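The exercises below invite a careful reading of one protein model, and each task is followed by a solution that goes step by step. Please look over the sequence and the structure before starting.

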Amino acid sequence: MPGYERYLPILLLVGSNIFMTFAWYGHLKHRTVPILTVIVVSWGIAFFEYLLMVPANRIGAAVYSAPQLKGMQEVITLLVFAGFSTWYLGQPLKWNHWAGFGMIVVAAWLIFLE
């Protein structure tokens with residue numbers, strides 16, 4: 001099986017999750033912006049998320065099952081969010097956040113067991 005089918009989905013999921021995280025949480029840094037504006041801007045950002053997420057899943061389905069793709073996406077989401085929360089929002093994660101995220105990583109790992 002070609003290597004790009006194994007690794008390209010991961011790269012696309014990372015990019016997709018960066019857009020998704022900004023769409024879902026970026027507005028928290030700008031709480032005075034009207035909610036309707038936030039929704040419209042978030043939709044615009046989410047468009048780029050979908051431009052990466054859909055091909056990631058389509059290409060990844062040649063190598064991974066749908067549950068594996070979803071588990072991988074959740075772990076990537078947590079890693080992107082951890083960086084975003086610290087860097088952009090100025091809210092570093094505490095030990096209990098990391099512990100909870102660690103449990104999700106273990107759950108995702110179990111999905112890959114045969």
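## Exercise 1: Helices α1 and α2

The crossing of α1 and α2 is left-handed, a word used when the near helix is turned anticlockwise from the far one by less than a right angle, with right-handed used if it is turned clockwise. This is a predicted model, in which local features need pLDDT of at least 70 and side-chain atom pairs count only at pLDDT 80 or more, while totals for chains, interfaces and linings use all residues. Residues are numbered from 1 along each chain as its sequence is written, and side-chain values use heavy atoms, with hydrogens and water left out.

Task: describe how α1 and α2 pack, and state which kinds of residue form the contact of α1 with α2.

Solution. Two packed helices are described by the angle between their axes and the distance between the axes. Helices (H or I, at least four residues) and strands (E, at least two) are DSSP runs, numbered from the N terminus. Axes are lines fitted to C-alpha atoms, for helices over the stretch in contact, and angles run from 0 to 180 degrees between N-to-C directions.

- Step 1: α1 and helix α2, which covers residues 35–60, have axes 8 Å apart and pack at an angle of about 165°.
- Step 2: α1 and α2 are therefore roughly antiparallel to each other, given that angles under 35 degrees count as roughly parallel, over 145 as roughly antiparallel, 65 to 115 as roughly perpendicular and the rest as oblique.
- Step 3: the residues of the contact of α1 with α2 divide into 17 nonpolar, five polar and two charged, where Ala, Val, Leu, Ile, Met, Phe, Trp, Tyr, Cys and Pro count as nonpolar, Asp, Glu, Lys and Arg as charged, and the others, Gly among them, as polar.

## Exercise 2: The overall layout and the other crossings

Task: state how many helices and strands the protein has, and describe how α3 crosses α4 and how α1 crosses α3.

Solution.

- Step 1: the secondary structure comes to four helices and zero strands, and the pattern along the sequence reads α-α-α-α.
- Step 2: taken along the principal axes, the C-alpha atoms fill a box of roughly 50 × 35 × 20 Å.
- Step 3: α3 and α4 have axes that come within 8 Å and cross at roughly 160°, so α3 and α4 are roughly antiparallel to each other, and their crossing is left-handed.
- Step 4: α1 and α3 have axes that come within 9 Å and cross at roughly 50°, so α1 and α3 are oblique to each other, and their crossing is right-handed.

## Exercise 3: The rings around Y88

Task: describe the aromatic pair that F22 and Y88 form, and state which parts of the chain the pair ties together.

Solution. A pair of aromatic rings is described by the distance of the centres and the angle of the planes.

- Step 1: a search of the whole structure finds eleven aromatic pairs, where rings of Phe, Tyr and Trp (its six-membered ring) pair if their centres lie within 6.5 Å, and planes under 30 degrees apart count as stacked, over 60 as edge-to-face and the rest as tilted.
- Step 2: F22 and Y88 form an edge-to-face pair, 5.1 Å centre to centre, with 70° between the planes.
- Step 3: F22 lies in helix α1 (residues 4–25) and Y88 in the loop between α3 (66–87) and α4 (95–111), so the pair ties together parts that are 66 residues apart in sequence.
- Step 4: F22, F84, W87 and Y88 form one aromatic cluster.
- Step 5: the charged end of K29 sits over the ring of Y88, 4.3 Å from its centre, which requires NZ of Lys or CZ of Arg within 6 Å of the ring centre and within 35 degrees of the ring normal.

## Exercise 4: Buried or partly exposed

Task: decide whether F22, Y88, M20 and Q73 are buried or partly exposed.

Solution. Buried means under 20% relative accessible area, exposed over 50%, and partly exposed in between (1.4 Å probe, protein chains only).

- Step 1: F22, at 27% relative accessibility, counts as partly exposed, whereas Y88, at 18%, is buried.
- Step 2: M20 lies in helix α1 and counts as buried at 5% relative accessibility; the C-alpha atoms of M20 and F48, 28 residues apart along the chain, are separated by 8.4 Å.
- Step 3: Q73 has its place in helix α3 and is buried, with a relative accessible area of 8%.
- Step 4: buried residues make up 34% of the 114 residues in the protein.
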